[in-house]
Amino acid sequence: MPIKAAVMTGPGQPLEIRSLPDPDLEPGSILLETIASEVCGTDVHLLHGRLAGVPYPIVPGHVSVGRVLERRGVDRDALGQPLGDGDVVTFLDVHETCHRCFYCRVAHQSNRCASRKVYGITYTVDEGPLGGWAERIHLKPGVLAVKLPEALSADDVIGGGCGLFTGFAAVERSGLAMGDTVVVQGIGPVGLSAVAFAHLRGAGRILAIGDPEDRRSLALGFGADTVLSVTGMDPEARLAAVRDATSGRGADVVIEASGARAAVPEGLALLRDGGCYTIAGHYTDAGAVEINAHTDINRKHARIVGQWGTDFSHIARSLPLVARHRIPFARIVGGRYPIERAGEALADVEALRVTKALIVP
């Protein structure tokens, strides 16, 4: 049976609705019926050609939830749980890492493997339904799929989407200690996830920065104590607010989750001496920023770390926490769109009319 899919043909081009052939399932593969796939900021960047090495045309949708339709010799998920037809799973979008290079074997940074491919980003439409904006998704042999905990729905996962896992990874990478004061720059899905997991990890105080108003309300619901506006406050006022909350020192941890160039020098200014600045929002190249190596980094003993994407450990460890602590990622869902309206979903995400849009075939 043909598979209906939304296809991104190239930067700046309108999406096309195409029929793709059902894939021939090789041993070790799985066919999913798509329940929901996210539309995120990365998809907007893909539409504008801001990510290098994308082999357009592609089927977007790199984080998805689906129901198992067929399996070829697969009876357990990537965590060893029994897997059967009808089970609901999500999966790591990164695939085909070599397991032989320095980054795979030594550095344990599989997201830097030169062989890596990514569902919804680096597979062409000619290779099949290898993105979530389609009625069905072909999980190739070796794709790391995991059953959703029973307490979680598709909305609980895709409401956060890739931002859920990136925010988890950013908090972990920051080394946040119990009682730390944390500033999160940006309150899209990555920032909201960072707020939620910082709260769960024991942050003493969380200040979030972002707009619009509906996102500020979400941030408070996810555990932020204070939310500072970008449009309604100037940087000096935000700096004063952070200093007031920390006896003049600045935040122990600042997590950049906005992707905005201006966030980086401001984030370093908000950081206390000896604090950690974690940059997770600049997944694509937003351009250079000017910082002073002496005053912004060296003199204040700042630790600066990057978190580009995620690996399977972040999925495996975050989902049970979301289930156990009922983190309300489903609240982030702002709109549901059939495949035929995928272009509208992209426009709404870009214009911040919705925080998280879902493609629901």
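Here is a short chat about the overall build and one pocket of this predicted model.

Student: How many helices and strands are there in the protein chain?
Tutor: Let's count the two kinds of element apart. Helices come to eleven. For strands, the number is 17.

Student: Why does the radius of gyration of the protein chain agree with a compact globule?
Tutor: Start from the length, which is 361 residues. A compact globule with that many residues would have a radius of gyration near 21 Å. The protein chain agrees with this because its own value is 20 Å.

Student: What percentage of the residues count as buried?
Tutor: Buried here means under 20% relative accessible area. Apply that cut-off to the 361 residues of the protein chain, and the share that counts as buried is 53%.

Student: What share of the contacts links residues 24 or more positions apart?
Tutor: Take just the contacts in the protein chain with a separation of 6 or more. Of these, the part that joins residues 24 or more positions apart is 69%.

Student: Which helix gives the largest share of the lining of the second largest pocket?
Tutor: This pocket has a volume of about 370 Å³. Its lining has 18 residues, and N111, R173, G306, Q307 and W308 lie nearest the centre. The largest share is three residues, and they come from residues 162-174, that is, helix α4.

Student: Which class has nine residues in the lining of that second largest pocket?
Tutor: Go through the classes in turn. The nonpolar class has five residues and the charged class has four. That leaves the class with nine, which is polar.

Conventions: Residues numbered from 1 in each chain as written. Predicted model: local features only at pLDDT ≥ 70, side-chain atom pairs only at ≥ 80, totals over all residues. Heavy atoms only, no water. 1 Å grid on protein atoms, 1.4 Å probe; cavity = no way out; pocket = protein on both sides within 12 Å on 5 of 7 lines; lining within 4 Å. Points joined across faces, edges and corners; volume = space filled by probe spheres on them. Helix = DSSP H or I, 4+ residues; strand = E, 2+ residues; numbered from the N terminus. Nonpolar A, V, L, I, M, F, W, Y, C, P; charged D, E, K, R; others polar. Rg over C-alpha atoms; globule rule 2.2 N^0.38 Å. Buried < 20%, exposed > 50% of the residue type's maximum accessible area, 1.4 Å probe, protein only. Contact = heavy atoms within 4.5 Å.
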